[in-house]
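Here's a quick tour of one model, going from a single helix to a core and then to a helix pair. Have the coordinates open while you read.

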Amino acid sequence: MSKYQVTLLGIPSVVYQNKPVHFPYRKAEGIFYYLCIEKNVNRDKLISIFWGSNDETSGRKNLRQALFQIRRCLGDDIIILHGKQNLSLNPKYGIKTEWDASDEDFALSPKPFLDFFYLKECSEFEDWVQDKRNIQISRSLNYIKTELKDSSVYRDISRLRRLIETWSYWKPWDEDMVLAGMKCYAHAEKYDLGIQLHREYVNCLQRELDEQPSHSVELLFRTLFHRKEVSLKRKADRKDHFFGRLAELQYIDERVFWFLHNDPCISIIIKGEVGVGKTALMEQILEMNRNTGILELVSHCYGAEDQVPLRAWRDLFKQLEDLQNDEKIHLSENSKKVIPCMLTGIATENQNPLGNQNKEYLSYTALEDSVLSLFKELAVHWKIILYFDSLQWMDVLSQQLLQRIMIELGNREVFMIATCRIDEKQAVRGLLAALTERYIVTTLQLACFSEPETELIIKEVLPISLNDTINTHEIFLRTEGNPLVLMDTLNMIQQEGWKDNYSLPRIDMLIQLWLERLTSDQRKVLDALSIHMVHADLEDLELLVEIDRMELFEVLEQLLLTRFVTEQTLRENIIYKFRHQFYKDYVYQHLSLGKRRMWHHTIAEFYEKKKDGERWRILLPFTIKHYECSGDYKKANYLRNLQNTV
């Protein structure tokens, strides 16, 4: 540890051998601080900064005297000479200041550089100090802003407060600071801290500048209050098993809140692959806004009914019928007639309304007009939120009706929250494009849980007695953070304990439904791909399936569209692998034992023929594994012994 402790942030000081150092005059002290920062300094530069108004002879004399006083206070060799002109602190003493500290230690010190340290008639020195203070603020704020983007900071409230309070110290009237701080407290579910920050900011503006906060700040403040109320309501009787997704919940809830208060907003399409939790997230939003005076209408679309005209609206209109029968909503006679038409699907492509003795038929166009009028009528008394689950299964006529309603009423009278599977959204691509290009909807991509998130969920779900025996990393690798697979896995562990290669009924059922839609060639390629340990290239697949190369390319492209398979580049070679490990496991486990052994042996022999130096070094472990899986343990052991000599 150095004998010298130099403090430059805040009121500067120097301690030598545990005793405070008192310089005989300020300029000598200032030169020492300057050397601490700049490290290597030219004599003429020091004379210009500290005695710029003096002549050269006087300046040199003053510098020599100052250096003498510094050496007298701190040691004869504290300052060393490089050549004839350059000066620096002696490196053997290892003098370090806060300026040399890590970003974290430096940035979180809310003390100005050389605070209350002034020199008379040294404007260049004052400019240098001010420049360093600006650098200090910039370095501090850059670090703070970067840290606040890391979601892990929300789990450490004391650190989060310190980051925000330091930002506030440097920029007390900065609106970006207030908005960022309030959002961070919201992410951490510390709504009271966000509300307190807003209050302090408003008081500061009023007291110092006689100004009012902007609309953005006030809107976020009202959003925080709303979230606090919703949070209290959910925590009072929380029976669900919903984990994570706090940022996504707040993102959607913020836009719902804006819609309810007539502020600019945009509807949300929650997009993601199977099992990522799209429906669960939508249901959470629905539950959060229940009993808040909103007309919420929910519809579920189904793959088996994607060709049934207007099927996607029937659940929703059944709810309207129930509300009308319970006298919770009141409709005109014309609007009442629309409900049975939508429930029964009685409509015709004929552009003119028809009628007979028993039933009244409407053209699709007339029906759209009537539904639009119904929603306009409801919007006079209600804020309406439409929830559509599995938008990818919505039939064409339902899409047309939804598009018209959202274009004419969207985000003013009607707000929409929908889910859509990314691997099967081609059927609604036109609808999404039409609404997106008009800025009516935006997509919220939902990803799988990260490994830290997965670990937290495992610890929350499993009993403490199981937590100590479970390898959370292995569970993450097996489930890849997919919420549906993860929860099924944890439920299975709770019931039966940890098992290798156990099946998950819900996941298996879904995968089987997807596989049934594939052609025989697509299934052959998937079967062949599942045999390979990690991935396969075109040559690997051709070895097992008797398909022409161009046809194989076409089959692989079709599988890429189904999102069963992903394509990557590895060392200038194109490889294919399953998008998820649980896809691979299911396909492999449903191969016949005979086919498995035969294909493993074929691959092992194929790899063994490639004994060409470095390539063989890579293939040898896979070759051994394939021989083992084929039942040829003798050959596997022979190669394992060979592996030790390669």
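At 1.5 Å a residue, what should the 15 residues of helix 10 span, and how far apart are its end C-alpha atoms? Keep in mind that this is a predicted model. The expected span for helix 10 (residues 246–260) is 21 Å, and the end C-alpha atoms sit 21 Å apart, so the two agree. Eleven of the 15 residues are buried, so helix 10 is largely enclosed by the rest of the structure. Among the buried ones are charged side chains such as E248, D253, E254 and R255, alongside I252, V256, F257, W258 and F259. After the helix comes N262, with a positive phi near 60°.

Next, the largest nonpolar core. It has 46 residues, and W313, F317, F375, L386, F388, L391 and L402 are those with the most contacts inside it. Several elements give two or more residues to this core, including these helices:

| Helix | Residues |
|---|---|
| helix 12 | 314–325 |
| helix 13 | 333–344 |
| helix 14 | 364–379 |
| helix 15 | 396–409 |
| helix 16 | 429–437 |

Strands 8, 12 and 13 are on that list too. Helix 14 gives the most, with eight residues. Zooming in on F317, and skipping its neighbours within four places in sequence, you'll find contacts with V338, I339, M342, L343, V371, L374 and F375.

Finally, a helix pair. The axes of helix 22 (residues 520–531) and helix 25 (residues 581–589) come within 9 Å and cross at roughly 105°, which means helix 22 is roughly perpendicular to helix 25. Here L526, D527, S530 and I531 of helix 22 meet K584, V587 and Y588 of helix 25. By type, that contact is made of four nonpolar, one polar and two charged residues.

Definitions and conventions. Residues numbered from 1 in each chain as written. Predicted model: local features only at pLDDT ≥ 70, side-chain atom pairs only at ≥ 80, totals over all residues. Heavy atoms only, no water. Axes fitted to C-alpha atoms, helices over the stretch in contact; angles between N-to-C directions. Helix = DSSP H or I, 4+ residues; strand = E, 2+ residues; numbered from the N terminus. Parallel < 35°, antiparallel > 145°, perpendicular 65-115°, else oblique. Contact = heavy atoms within 4.5 Å. Core = buried A, V, L, I, M, F, W, Y, C linked by side-chain atoms within 4.5 Å. Buried < 20%, exposed > 50% of the residue type's maximum accessible area, 1.4 Å probe, protein only. Expected span 1.5 Å × (residues − 1).
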